[in-house]
Amino acid sequence: MIDEIQQKKVKATKEKGRNTMPEYIPPKIITYTSDEILEEIGPAMACSPSPCAVGG
Amino acid sequence: MSFFSYSSSRTKKSEQKAYILFHACKSRWIKANDTGLNIAQYLDDGVFIDDVAGHLVAGYGISEDAARQDVLSVSDQLSRQHFLESNAQVRSARTPVLNSIFFHLTTRCNLSCLHCYITGSQVNPNRDIPSKLVFRIIDSLADHGGKSITLSGGEPLLHHEIRKILKYAGSKVEILLLTNGTLIDRAWADFLAGMNIFIQISIDGSTKEIHDSIRGRGTFEKSLKALEYLQEAGLREKINFSTTVMNQNLHDLPGIISLAERLDVPLTRFVPLRRKGMAKRHWEAVGSGLTIKDSERFYEHTSHLQKNRGSGVDVSCGLSGFLLKMPEEFEDDDIWCPIGKQLVITVNGDAYPCVLLMEDEFRLGNAFDDSLDKIIQSDAMAEVCRALAERRHKIKKCSVCNWRNLCQAGCMGQALDNKGTIWDTDDFCDYRSRAYKEAFDKILGN
């Protein structure tokens, strides 16, 4: 009987612990192509036609 | 550490935080959520994949399989962007290689613009670079696998053997001709039409009044007539305008973009005025009214124009070092500046690494005396390439800046012009910094 009570206590503690664990949000890694950057923030902000003001 | 992270302070409490993970030494970056960052940090600390998965299992109570799969996925994506590599701390370096030559073919010019950075700085006012030297250099460039040359002056069309040079160069490499356009008639346009050539015409005002007040009476009409001839000859897609920003046209810059649009010119570029040559002597007239704020307002304007118009004329606003992704042609060593891949040759044969670095301390050799190989392999070239790669790490404010591997400390030549040293940033560091923050905050969803 005592064992049974003890087992119930352990189970309850485990469940309590499980309930307090933070919610798992899967990892998200995003890489962008030049076109996606253009789409996201617009052409002038992505890059001028050339990154060099001198060029030539 | 193979990366450092940036997140906006403006994230709402209800939203999961997002981060930009910047590669420690390259221009690469990725966006990650909290869990992504957490896993990336473990991996970056050298924790084994199974142990990182173990942390997820213990911390969130998820299954071992799910945890392992997520860690592997993050590891894979980071590796594809060259994060986590043992050499991630190795700094970018430029090995000199010859891709292009910028020739100042002649000191002759039919105009005498007060803002010119060349005229007035030459010892001999009417001198051409010998054609034989140009041919030898072009041959050597082609032998090195070089692809393009720029012909500038003075006015390059005034070189006494310019047709010979154009024909010779056109058979070997791509040409970019920088001209004021006033000498191009129909015969010239027909001559140029069959060539592998791009033509840049200097337009400093959107009206006859403004342009002629800078370049001389009648020049606006002549330059636009040249444009017409060139377009009729089939070169429409190969022409761009170039404008030097100065007192006289500061408030006309949007007008020049509209002019390019009306005349079907695909690209217009704006170039900062330099305090050199004629411009230095006439600074009061051409440059005294220019402020950093004026330039910043113009950058904002071009940014706004392009965002709202979609396709139209491309505008290069003159701001160097603002890029979110390395252009393909610079991906090999991850340095956007062309220094170390080009040479500038003056009429005297002197070789420099950039038109903005034509000072004695950056002189690399002389094309009359030295082979291109010797110039490219010179200690002076190695030194300037080292500086190019190291500025972002050695300039104090850059070394702790989030954007250092993107702007790479800005333009070395403009820094020399603006601050008198390459070991400082140029005048637009603060502007770029704000623009980067704005761009990345937008990417982070704020």
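In which sense, and over how many bridges, does strand 1 of chain A pair with strand 3 of chain B?

1. Pairing across the two chains. In this predicted model, strand 1 of chain A (residues 29-30) and strand 3 of chain B run antiparallel to one another and are joined over 2 bridges. At this pairing, I29(A) stands opposite A32(B) of strand 3.

2. The interface as a whole. The contact takes in 51 residues of chain B and 29 residues of chain A. On the chain B side, two or more residues each come from strand 3 (29-33), helix 1 (34-44), helix 3, strand 6 (174-179), strand 9 (267-272), helix 12 (292-309), strand 10 and helix 18. By class, this side of chain B divides into 27 nonpolar, 17 polar and 7 charged residues.

3. Chain A. Chain A holds 3 helices and 1 strand, and the order of its elements from the N terminus is α-β-α-α. Of its 56 residues, 25% are buried.

4. The sheet of chain B. Chain B contains an open sheet of 10 strands with mixed pairing, in the order 10-9-8-7-6-5-4-11-12-13. Its edges are strand 10 and strand 13 (365-366), each of which pairs on one side only. Strands of a sheet pair through backbone hydrogen bonds, in either the parallel or the antiparallel sense.

5. Strand 4 and its two partners. Strand 4 of chain B pairs in the parallel sense with strand 5 over 5 bridges, and also in the parallel sense with strand 11 over 4 bridges. F102(B) has a bridge partner in each of these strands: T150(B) in strand 5 and V344(B) in strand 11. H104(B) is bridged to S152(B) in strand 5.

6. Burial of strand 4. Strand 4 of chain B is mostly covered, with 5 of its 5 residues buried. S100(B), F102(B) and H104(B) point one way, while I101(B) and F103(B) point the other way, and all are buried. Helix 4 of chain B (residues 131-143) lies across strand 4, strand 5 and strand 11, and runs at about 165 degrees to strand 4.

7. The nonpolar core. The largest nonpolar core has 128 residues, and those with the most contacts inside it are L21(B), F103(B), L230(B) and V344(B). Helix 18 of chain B (residues 429-443) gives the most to this core, with 6 residues. In soluble globular proteins, nonpolar side chains tend to be buried together. Apart from neighbours within four places in sequence, V344(B) is in contact with F102(B), A351(B), Y352(B), C354(B), V355(B) and M358(B). F102(B) is thus listed both among these contacts and as the bridge partner of V344(B).

8. A helix pair in chain B. Helix 6 (residues 186-193) and helix 8 (residues 219-235) pack at an angle of about 35 degrees, and their axes are 8 Å apart. The crossing of these two helices is right-handed. From helix 6 of chain B, the residues in the contact are R186(B), A189(B), D190(B), L192(B) and A193(B); from helix 8, they are Y229(B), L230(B), E232(B), A233(B), G234(B) and L235(B). This contact is made up of 7 nonpolar, 1 polar and 3 charged residues. L230(B) also appears among the residues with the most contacts inside the largest nonpolar core.

9. Backbone points to check. Most residues other than glycine have a negative phi, and most peptide bonds are trans. Three places in chain B are listed here against that background. G153(B) and G154(B) are joined by a cis peptide bond, with omega about 15 degrees; G154(B) is in the loop between strand 5 (148-152) and helix 5 (162-170). H82(B), which is not a glycine, has a positive phi of about 65 degrees and lies in the loop between helix 3 (64-80) and strand 4 (100-104). D334(B), also not a glycine, has a positive phi of about 65 degrees and lies in the loop between strand 10 (314-316) and strand 11 (342-345).

10. Surroundings of the two positive-phi residues. Are H82(B) and D334(B) buried or exposed? H82(B) counts as partly exposed because it has 15 C-beta neighbours inside 10 Å. D334(B) has 20 such neighbours inside 10 Å, and therefore counts as buried; the cut-off for burial is 20 or more.

Conventions: Residues are numbered from 1 along each chain as its sequence is written. Chains are lettered from A and ligands numbered from 1 in the order in which they are written. This is a predicted model: local features need pLDDT of at least 70, side-chain atom pairs count only at pLDDT 80 or more; totals for chains, interfaces and linings use all residues. A nonpolar core is a set of buried Ala, Val, Leu, Ile, Met, Phe, Trp, Tyr and Cys residues joined through C-beta atoms within 7 Å. A residue is buried if 20 or more other C-beta atoms lie within 10 Å of its own, exposed if 12 or fewer, and partly exposed in between; C-beta atoms are placed from the backbone. Two residues are in contact if their C-beta atoms, placed from the backbone, lie within 7 Å. Axes are lines fitted to C-alpha atoms, for helices over the stretch in contact, and angles run from 0 to 180 degrees between N-to-C directions. A crossing is left-handed if the near helix is turned anticlockwise from the far one by less than a right angle, and right-handed if clockwise. Ala, Val, Leu, Ile, Met, Phe, Trp, Tyr, Cys and Pro count as nonpolar, Asp, Glu, Lys and Arg as charged, and the others, Gly among them, as polar. Two strands pair if DSSP finds at least two bridges between them.
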